[in-house]
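Q: Hey, could you walk me through this model? I'd like to go over its contacts, strands and side-chain links.

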Amino acid sequence: QVKLVESGGGLVQTGGSLRLSCAASGRSVSVYSMAWFRQTPGKEREFVAAMPWSGGRTYYGDFVKGRFAISRDIAKNTVYLEMDSLKPEDTAVYYCAQKSRAYDGADDSRAPSYNFWGQGTQVTVSS
């Protein structure tokens, strides 16, 4: 059974930093590509970042502009999202997601391409 559990969200001031964690169980992050998305009320989920199963090139949404970094710890089967220089417009629920097929690439920003999702963690950036 696949389970993704996000943590690390919270309230931070503009310019601050947060590190989100996504603990995966049931399938290895070294076999299945992982991604972070975010969503605000009334909007579709927005692609934030993706980490391929191989640990190679990572991918980011256009809005990130060098402020966020995705990483992983294979031993802990956990993926992280380090967020710096946060802005009020980064306020959203952040979701961790996993591809359904083993060894599938991460060059994919479409939410429907990811079959497994966590429950989300709220990030609020105050101005």
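Q: Looking at contacts between residues at least 6 apart in sequence, what share join residues at least 24 apart?
A: That share is 59%. Do keep in mind that this is a predicted model.

Q: Got it. How many helices and strands are there in the chain?
A: The chain has zero helices and eleven strands. Read from the N terminus, the elements go β-β-β-β-β-β-β-β-β-β-β.

Q: And why is the chain called as compact as a globular protein of that length?
A: Its radius of gyration is 13 Å and the globule rule gives 14 Å for 127 residues; the two are close, so the chain is as compact as a globular protein of that length. Along the principal axes, the C-alpha atoms fill a box of roughly 40 × 25 × 25 Å.

Q: How much of the chain counts as buried?
A: Of the 127 residues, 43% count as buried. Strand β5, residues 46-51, is mostly covered, with five of its six residues buried.

Q: Nice, let's stay on β5. How does β5 pair with β4?
A: β4 (residues 34-39) and β5 run antiparallel and pair over five bridges. One pairing to look for is Arg38, whose bridge partner in β5 is Glu46.

Q: What is the phi of Gly42 in that hairpin, positive or negative?
A: Gly42 takes a positive phi, near 85°. The hairpin of β4 and β5 has six residues between the strands.

Q: How many bridges join β5 to β6?
A: Two bridges join them, and the strands run antiparallel. Here Ala49 of the pairing stands opposite Tyr60 in β6.

Q: Switching to the open sheet of four strands: what's the strand order?
A: The order is β1-β3-β8-β7, with antiparallel pairing. β1 (3-7) and β7 are the edge strands, each pairing on one side only. On average, neighbouring strands of this sheet are turned by 15° against each other, direction ignored.

Q: What joins β1 to β3?
A: Five bridges do, with the two strands running antiparallel. If you want a residue to zoom in on, Glu6 stands opposite Cys22 in β3.

Q: Oh, a cysteine. What does Cys22 form with Cys96?
A: Cys22 and Cys96 form a disulfide, with their sulfur atoms 1.9 Å apart. The pair links distant parts of the chain: Cys22 sits in strand β3 (residues 18-25) and Cys96 in strand β9 (residues 92-99), 74 residues apart. A search of the whole structure finds one disulfide.

Q: Which hand does the disulfide have, left or right, and why?
A: The torsion about the S-S bond of Cys22 and Cys96 is about -70°, so the disulfide is left-handed.

Q: Are those cysteines buried or exposed?
A: Cys22 has 0% relative accessibility, so it counts as buried. Cys96 is buried too, at 0% relative accessibility.

Q: Okay, charges next. How many salt bridges does the count come to?
A: The count comes to seven salt bridges. As background, side chains of opposite charge can pair when their charged atoms come close.

Q: Which residue does Asp90 meet in a salt bridge?
A: Asp90 meets Arg67, at 2.7 Å from N to O. This pair links distant parts of the chain, 23 residues apart: Asp90 lies in the loop between β8 (78-83) and β9, and Arg67 in the loop between β6 (59-60) and β7 (68-73).

Q: Are the two ends of that one buried or exposed?
A: Asp90 is buried, with a relative accessible area of 1%. Arg67 has a relative accessible area of 10%, and since buried means under 20%, Arg67 is buried as well.

Q: Which residues are linked in a network of salt bridges?
A: The network links Lys99, Arg101, Asp104, Asp108 and Arg110. Within it, the side chains of Asp108 and Lys99 meet at 3.6 Å, N to O, and both of these residues are buried.

Q: What about Arg101 and Asp104, how do their side chains meet?
A: They meet in a salt bridge of 3.6 Å, N to O. Arg101 counts as exposed at 54% relative accessibility, while Asp104 counts as partly exposed at 21%.

Conventions
Residues numbered from 1 in each chain as written. Predicted model: local features only at pLDDT ≥ 70, side-chain atom pairs only at ≥ 80, totals over all residues. Heavy atoms only, no water. Disulfide = S-S within 2.5 Å. Buried < 20%, exposed > 50% of the residue type's maximum accessible area, 1.4 Å probe, protein only. Salt bridge = Lys/Arg side-chain N within 4 Å of Asp/Glu carboxyl O. Pairing = 2+ DSSP bridges. Axes fitted to C-alpha atoms, helices over the stretch in contact; angles between N-to-C directions. Rg over C-alpha atoms; globule rule 2.2 N^0.38 Å. Contact = heavy atoms within 4.5 Å.
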